[in-house]
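Thank you for making time this morning. I would like to walk through one structure with you, strand by strand, and then turn to a pocket and a few individual residues.

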Amino acid sequence: MPPRIATRRAPHPSHPAQDITLPPPAGLRAEDGTGHVLLTWEPVPGADGYVVHRSPFAEGPYTPLPGWPLSHPSYADTRVEPGRGYWYKVAARADGGPGAPTPTPVPGCAKARGIALATVTVMVDATGTAPPLVTGDGAQALVRAAARHTDDGAHVHVVVWNAAADRTGTSSGSPALDRTAVVRVTGLAPDTSYTASLHGSDTVTTDTERACGDALLATPGTCSSPLPHEPLPPLTTTPDGTASLSLDVPLPGLRSLRLSRI
């Protein structure tokens with residue numbers, strides 16, 4: 001029996017609604033990361049979401065991975081065993097259900113953690129002229145960041161968290177998914193000292209992390225699970241107004257860094 005093709009009804013001012021077939025996503029790629037396989041593909045016009053299929057064999061059979069349909073064309077498969085190979089296909093989804101998956105699978109194999117933790121870099125502009133930028137291993141799908149600051153740059157609040165949603169319930173400190181985040185804040189006053197405090201939580205669930213991170217940025221102190229407070233030595237900026245700090249981002253976990261000009 002041929003696979004069921006997802007369809008969406010397209011209204012027309014003078015004709016009855018018709019079914020439109022959604023094609024498989026194009027440009028499917030897999031990138032091997034530490035403790036995960038990062039999948040990216042091109043968006044399909046008219047798709048409501050995407051379903052990732054995985055198999056230990058290129059010829060299948062392929063099984064949809066658990067979870068809700070993905071809303072964006074990227075996904076980090078963290079339910080993997082480092083060093084073991086997998087094959088992936090992706091299908092677009094509409095009101096009628098998932099369409100046909102990509103005809104050609106792509107291989108992926110998660111890397112095991114080495115001697116050092118995987119590193120990501122979080123770039124934050126204290127002047128607010130640029131959004132936070134996260135780069136490095138797993139940055140695109142696993143590590144998120146947000147920032148809030150005053151107009152004069154006297155106070156900066158950076159929230160960084162590991163957002164591996166499909167690992168909810170995994171014990172804290174999963175060795176293949178721990179990350180060291182280098183937080184680099186630019187746009188500060190040059191050659192100036194800032195008080196620094198670090199807040200963190202290793203016990204909140206992933207959904208709570210996201211809400212908590214948003215709440216911390218919108219109104220500090222509104223998070224339902226108060227984050228332990230850890231004062232840090234003052235940070236002194238460089239002549240170009242940059243300050244840097246390294247911190248661990250375990251899974252699950254959230255880190256909140258606050259800087260205030262002295």
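Thr40 stands opposite Ser74, which belongs to strand β7, and I start with this pair because it brings us straight into the pairing of β4 with β7. Please keep in mind throughout that we are looking at a predicted model. Strand β4, covering residues 36-40, is joined to β7 by 4 bridges, and the two strands run antiparallel. These two strands belong to an open sheet of 3 strands, in the order β3-β4-β7, where the pairing is antiparallel. At the edges of that sheet we find β3 (29-33) and β7 (74-77), each of which pairs on one side only. If we ignore direction, neighbouring strands of this sheet are turned against each other by 20 degrees on average. As general background, the strands of a sheet pair through backbone hydrogen bonds, and they can do so in a parallel or an antiparallel way.

Let me move on to strand β8, which has several partners to go through. How many of the residues of β8 are buried? In this strand, which spans residues 85-94, 7 of the 10 residues are buried, and therefore β8 is largely enclosed by the rest of the structure. With strand β5 (residues 49-55), β8 shares 7 bridges in an antiparallel arrangement, and within that pairing His53 has Lys89 of β8 as its bridge partner. Strand β10 (residues 106-109) is joined to β8 by 4 bridges, again running antiparallel, and there the bridge partner of Trp87 is Pro107 in β10. Strand β9 (residues 97-98) is joined to β8 by 2 bridges, also antiparallel, with Ala94 standing opposite Gly97 of β9. Between β8 and β9 there are 2 residues, and the two strands form a hairpin.

Before leaving this part of the chain, I would like to mention two loops. In the loop between β4 and β5 we find Gly46, which counts as partly exposed because its relative accessibility is 34%. Gly46 and Ala92 are 46 residues apart in sequence, while their C-alpha atoms are 9.0 Å apart in space. The loop between β5 and β6 (63-64) holds Pro61, and the peptide bond that joins Gly60 and Pro61 is cis, with an omega of about 5 degrees.

Now to the second largest pocket, which contains about 170 Å³ of space. Which strands each supply at least two residues of its lining? They are β13 (143-149), β14 (155-162), β16 (193-201) and β19 (254-261). Among the lining residues are Arg148, His149 and Thr150, then His155, Val156 and His157, and further along the chain Thr195, Arg258 and Ser260. By character, the lining divides into 3 nonpolar, 7 polar and 2 charged residues.

Two of the strands just named also carry residues that deserve a separate look. The first of these strands is β14, where Asn162 is found. Asn162 counts as buried, because its relative accessibility is 0%, under the 20% limit. What does the side chain of Asn162 reach at 3.2 Å? The answer is the backbone oxygen of Leu177, and a polar atom of that Asn162 side chain also lies 3.5 Å from the backbone oxygen of Val249.

The other strand is β19, which contains Arg255. Is Arg255 buried or exposed? At 14% relative accessibility Arg255 counts as buried, and a polar atom of its side chain lies 3.4 Å from the backbone oxygen of Asp248. Measuring nothing at the bench here, but simply reading the model, we find Arg255 and Val159 at 5.9 Å from each other, C-alpha to C-alpha, although they are 96 residues apart in sequence.

I will finish with Asp191, which is found in the loop between β15 (179-186) and β16. Asp191 counts as exposed because its relative accessibility is 54%. Its phi is near 50 degrees, a positive value in a residue other than glycine. In general, most residues other than glycine have a negative phi, and most peptide bonds are trans. With that background in mind, the phi of Asp191 and the cis bond between Gly60 and Pro61 are the two backbone details I would ask you to look at in the model.

How values were computed:
Residues numbered from 1 in each chain as written. Predicted model: local features only at pLDDT ≥ 70, side-chain atom pairs only at ≥ 80, totals over all residues. Heavy atoms only, no water. 1 Å grid on protein atoms, 1.4 Å probe; cavity = no way out; pocket = protein on both sides within 12 Å on 5 of 7 lines; lining within 4 Å. Points joined across faces, edges and corners; volume = space filled by probe spheres on them. Nonpolar A, V, L, I, M, F, W, Y, C, P; charged D, E, K, R; others polar. Buried < 20%, exposed > 50% of the residue type's maximum accessible area, 1.4 Å probe, protein only. Polar contact = N/O pair within 3.5 Å; in protein donor to acceptor, adjacent residues only side chain to side chain. Pairing = 2+ DSSP bridges. Axes fitted to C-alpha atoms, helices over the stretch in contact; angles between N-to-C directions.
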